[in-house]
Amino acid sequence: MNKKSAAIGIQTIAIHGGESPDRETGATAPNIVMSSTFVVDEPVSFSATNVDENSPYIYTRWSNPTTRQLEIKLALLEHADQCLTFASGMAASSAVLFSLLNSGDHLVMSNTNYPGTAEVARDQLPKKGIEVSPVDTTELALIEQAMTPNTRMVWIETPSNPLLQIIDIAKVAEIAHAHNALLVVDSTFASPIATRPLELGADLVVHSLTKYIGGHGDALGGAVLSSAALASRLRECGVLHYGATLSPFNAWLIMRGAATLPLRMRAHQENAMALADFLHQDSRVEHVLYPGHPSHPQHEVAKKQMNNYSGILSFKVKNPARVAERMMKQLKVIHYAVSVGHHRSLIYLLDTKDLIESSYRLEGAELAKYKAHAGDGLFRCSVGLEDAQDLIADLDHVL
Ligand code: PLP
């Protein structure tokens with residue numbers, strides 16, 4: 001199945017999109033093509049400038065049949081014209097930032113988002129002459145104020161890491177486009193099952209495939225989805241020249257994970273709701289952030305743009321360092337580990353001092369706002385697919 005069709009259901013696309021039985025052997029599962037090079041029957045240009053999505057396979061850094069199958073599946077799931085894959089989510093983000101922004105350009109980015117992206121923006125882009133304004137993107141007026149004649153890109157993450165802020169994609173797209181800037185959405189925490197940012201006006205969607213789409217914690221990967229025109233701007237520099245190519249083996253693993261994405265997202269949401277209810281009524285817990293709960297500060301935006309509230313929640317307790325120590329020693333089901341979106345539940349303390357000093361560098365009112373939600377540290381829990389009662393019992397024991 002290679003073509004967009006409004007009539008085809010999301011579960012069918014997740015399973016069959018980009019795939020078809022092998023013509024030679026009839027194998028129903030996709031083959032893994034590990035070959036780095038391909039025999040051609042006529043001379044093919046070697047230059048990255050001459051490559052597009054219809055070019056023949058010549059070398060796996062250009063394109064690869066297994067990786068291409070995954071790209072088609074993801075494009076169908078996101079309702080995108082094109083998908084380009086990368087070796088990790090960070091490789092995808094860096095490819096977008098470094099190939100679509102140039103010296104003299106200005107970027108507006110969320111002031112709290114995935115720390116890797118936050119650090120690339122604050123530390124690396126200015127070295128290339130790109131000015132960056134981190135702003136609280138939950139406040140549309142602040143985005144508008146930050147726009148300058150040189151703003152070429154607005155970058156949001158929704159839900160964001162670790163505050164789980166929900167940013168109004170359609171409204172931010174209006175602001176970005178009124179200033180001739182591109183809107184990029186890191187939609188890793190949502191997945192295409194919860195939100196399809198391109199349909200809400202975004203120009204590019206970034207995913208860490210390492211999270212929900214792969215879903216099993218065994219393969220790093222990244223993807224960018226966009227129009228064909230933006231994909232071709234990204235392909236030459238971001239894919240072929242920078243060369244952070246997704247391994248075909250990882251593409252195959254991620255494709256297998258993606259087949260069950262709609263079913264897994266439903267189960268992640270159900271379990272996260274159960275944990276959010278448990279944490280909300282527990283007196284040891286001071287604050288819970290889950291986009292699906294009416295108490296979430298942007299719950300109304302979440303209702304509008306999310307078809308599924310995903311499986312990540314954050315919560316605050318007194319003495320988080322002591323609780324983290326207990327978790328490391330005593331959790332039996334939930335793994336005390338970073339990352340999100342896997343079938344296994346994961347929990348990790350995101351220490352406020354560490355994040356503020358190393359990644360976000362917030363001061364004054366912005367810092368106070370962050371601390372109002374996070375205190376000295378926020379536990380980010382990626383709720384997996386185990387039985388909810390076992391996850392609740394595990395947390396109950398260590399809180
Ligand atoms: N975007 C978000 C929202 C993330 O949480 C992460 C990683 O945690 C990334 C991007 C980077 O992804 P990767 O670890 O695959 O490079």
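In the predicted model, a polar side-chain atom of Asn161 is placed 3.3 Å from an oxygen atom of the ligand. Two further side chains make contacts of this kind: an N or O atom in the side chain of Ser208 lies 2.8 Å from an oxygen atom of the ligand, and for Thr210 the separation between a polar side-chain atom and a ligand oxygen atom is 2.6 Å. Taken alone, the ligand exposes 390 Å², of which 91% is buried by the protein.

The site that holds the ligand is the largest pocket. The ligand is surrounded by 13 residues, and Ser208 and Thr210, which supply polar contacts from their side chains, are listed among the closest of these, together with Gly89, Met90 and Asp186. Sorted by class, the shell comprises seven polar residues, three nonpolar residues and three charged residues.

Asn161 also takes part in an unusual feature of the backbone, since the peptide bond that leads from Asn161 to Pro162 is cis, with omega near 0°. A cis peptide bond is likewise found from Thr158 to Pro159, where omega is near -10°. Pro159 belongs to the loop that connects strand 4, residues 151-157, with helix 6, residues 169-178, and Pro162 is located in the loop between strand 4 and helix 6 as well. These assignments stand out because most peptide bonds are trans. Elsewhere in the chain, Ser191 adopts a positive phi, near 70°, although this residue is not a glycine; Ser191 is situated in helix 7, which covers residues 191-194. Residues other than glycine mostly have a negative phi.

At the level of the whole fold, the protein chain contains 15 helices and 12 strands. The C-alpha atoms occupy a box of roughly 70 × 50 × 40 Å when the extents are taken along the principal axes. The radius of gyration of the protein chain is 21 Å, and because a compact globule of 399 residues would be expected to have a value near 21 Å, the computed figure agrees with that of such a globule.

Terms used: Residues numbered from 1 in each chain as written. Predicted model: local features only at pLDDT ≥ 70, side-chain atom pairs only at ≥ 80, totals over all residues. Heavy atoms only, no water. Near = heavy atom within 4 Å. Polar contact = N/O pair within 3.5 Å; in protein donor to acceptor, adjacent residues only side chain to side chain. Areas by Shrake-Rupley, 256 points an atom, 1.4 Å probe, with all protein chains shown as cover. 1 Å grid on protein atoms, 1.4 Å probe; cavity = no way out; pocket = protein on both sides within 12 Å on 5 of 7 lines; lining within 4 Å. Sits in = over half its atoms within 2 Å of the grid points. Nonpolar A, V, L, I, M, F, W, Y, C, P; charged D, E, K, R; others polar. Helix = DSSP H or I, 4+ residues; strand = E, 2+ residues; numbered from the N terminus. Rg over C-alpha atoms; globule rule 2.2 N^0.38 Å.
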